[in-house]
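Student: I am new to this structure and should like to be guided through its strands and overall build. May we begin once the model is in view?

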Amino acid sequence: MTGRRDKLTAQDRLPRAITPAGALLGESPVWDDRAERLLWVDLWGGTLHATEPDTGDTKTVEVAPPLSAVVPTTRGTSVVTAGLCVLELTEEGPRHLVDIPEDGCLRANDAAVDPAGRLWIGTMCLPGRPGRPGGLWRLEPGDAAPERVLGDVALANGIAWSPAGDRMYFVDSLRQLVTAFPFNAPDGSLGVGERFVEVPREAGLPDGIAVAADGSVWVALAGGGAVHRYGPDGDLEERLEMPVPHPTSCAFGGSQLGDLFVTSGCWPLPADQRPDAAAQGAGALFRAATGVTGLPATRTELG
């Protein structure tokens, strides 16, 4: 597999909104291959969305803010992180799985599933609370609580794996860093991390990420109005300009996993500025053709 698609025009590559604007903080896009839809959340709106990409039709489930992430499960349900709770959303309603044993001034942020089906969750400080470092947690299927793998994290964000599954990428936004860790899939352990990319502050805050089949790493730059594509060696290969200043995360999806879906938000703008931002598209879900093929999302195993 080359991971590339040919004959894309400049118009194909332009990100276009496929949902209405206005989400306070769109986050955590993930492709549900069984239902052929894009799952994503509005973190401060407390809502889970499922969007059909060709029509933009979106089904919404009210949960509760802060609803920071969603991942699909092997049994066809969804798992979300809400505050410090991990919940499975079923047809009968939410089912509590575990709590993250963090300080109450923290909350869960981004989450992702590793090649073996484990759930990884980053944590960060709540707005207006005393600054405390967050961490990165690993939840094995069936365990009663997650295990802390990394501490002293300023703002945990994107988590993703290389095509071979032997490398984990992790974003610490406030340190402007994407770190690459050697990853051991059988036991979920990490080796010594090395700096993969240090994003210049003037380029924006590195936020959510996605990895393509060719090994390229795509990083949404909140406040920077773009998504950067880095090669497996960390070299900047492409800058995808976004029509909004705060793209937050990205994921590959669509019938051939060749489209990049990018969430965005009106937050952290002051409340009186959000209507104008929404009028310019802030808070919409965007879609752009990329010329590469993404990796399918791994579904988490539940005990």
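Student: How many residues of strand β24 are buried?

Tutor: This is a predicted model, in which local features need pLDDT of at least 70 and side-chain atom pairs count only at pLDDT 80 or more, while totals for chains, interfaces and linings use all residues. Residues are numbered from 1 along each chain as its sequence is written, and side-chain values use heavy atoms, with hydrogens and water left out. Strand β24 covers residues 259–264 and is largely enclosed by the rest of the structure, because the buried residues (under 20% relative accessible area, with exposed over 50% and partly exposed in between, for a 1.4 Å probe and protein chains only) number six of the six.

Student: Which residues of β24 are buried on each of the two faces?

Tutor: In a regular strand, side chains alternate between the two faces of the sheet. Both faces of β24 are covered. One side holds the buried Asp259, Phe261 and Thr263, and the other holds the buried Leu260, Val262 and Ser264.

Student: What is the order of the strands in the open sheet of four strands?

Tutor: Strands here are DSSP runs of E with at least two residues, helices are runs of H or I with at least four, and both are numbered from the N terminus. Two strands pair if DSSP finds at least two bridges between them. The edge strands, each pairing on one side only, are β1 (16–17) and β23 (247–253). With antiparallel pairing, the order is β1-β25-β24-β23.

Student: Which residue of β24 stands opposite Cys250?

Tutor: β23 and β24 run antiparallel and are joined by six bridges. They form a hairpin with five residues between them, and Gly254 in the turn has a positive phi of about 90 degrees. Opposite Cys250 in β24 stands Val262.

Student: What is the bridge partner of Asp259 in β25?

Tutor: β24 and β25 also run antiparallel, with four bridges joining them. Strand β25 (residues 286–289) is joined to β1 by two bridges, and there Ala17 has Phe286 as its bridge partner. For Asp259, the partner in β25 is Ala289.

Student: Where does Glu36 lie, and is it buried or exposed?

Tutor: Glu36 has a positive phi of about 50 degrees although it is not a glycine. Its place is the loop between β2 (26–32) and β3 (37–42). At 52% relative accessibility, Glu36 counts as exposed.

Student: In which strand is Asp152 found?

Tutor: Asp152 is not a glycine, yet its phi is positive, at about 55 degrees. The residue is exposed, with a relative accessible area of 51%. Asp152 is found in strand β13 (residues 147–153).

Student: Which peptide bond is cis, with omega near -10 degrees?

Tutor: The bond leads into a loop residue, Pro66, placed between β5 (58–62) and β6 (67–72). The cis bond runs from Pro65 to Pro66.

Student: Why is the chain said to be as compact as a globular protein of its length?

Tutor: The chain has two helices and 25 strands. For 303 residues the globule rule (2.2 Å times the number of residues to the power 0.38, with the radius of gyration taken over C-alpha atoms) gives 19 Å. The chain is as compact as a globular protein of that length because its radius of gyration is close to that value, at 17 Å.

Student: What percentage of the 303 residues in the chain do buried residues make up?

Tutor: The C-alpha atoms fill a box of roughly 50 × 45 × 40 Å, taken along the principal axes. Within the chain of 303 residues, the buried share is 56%.
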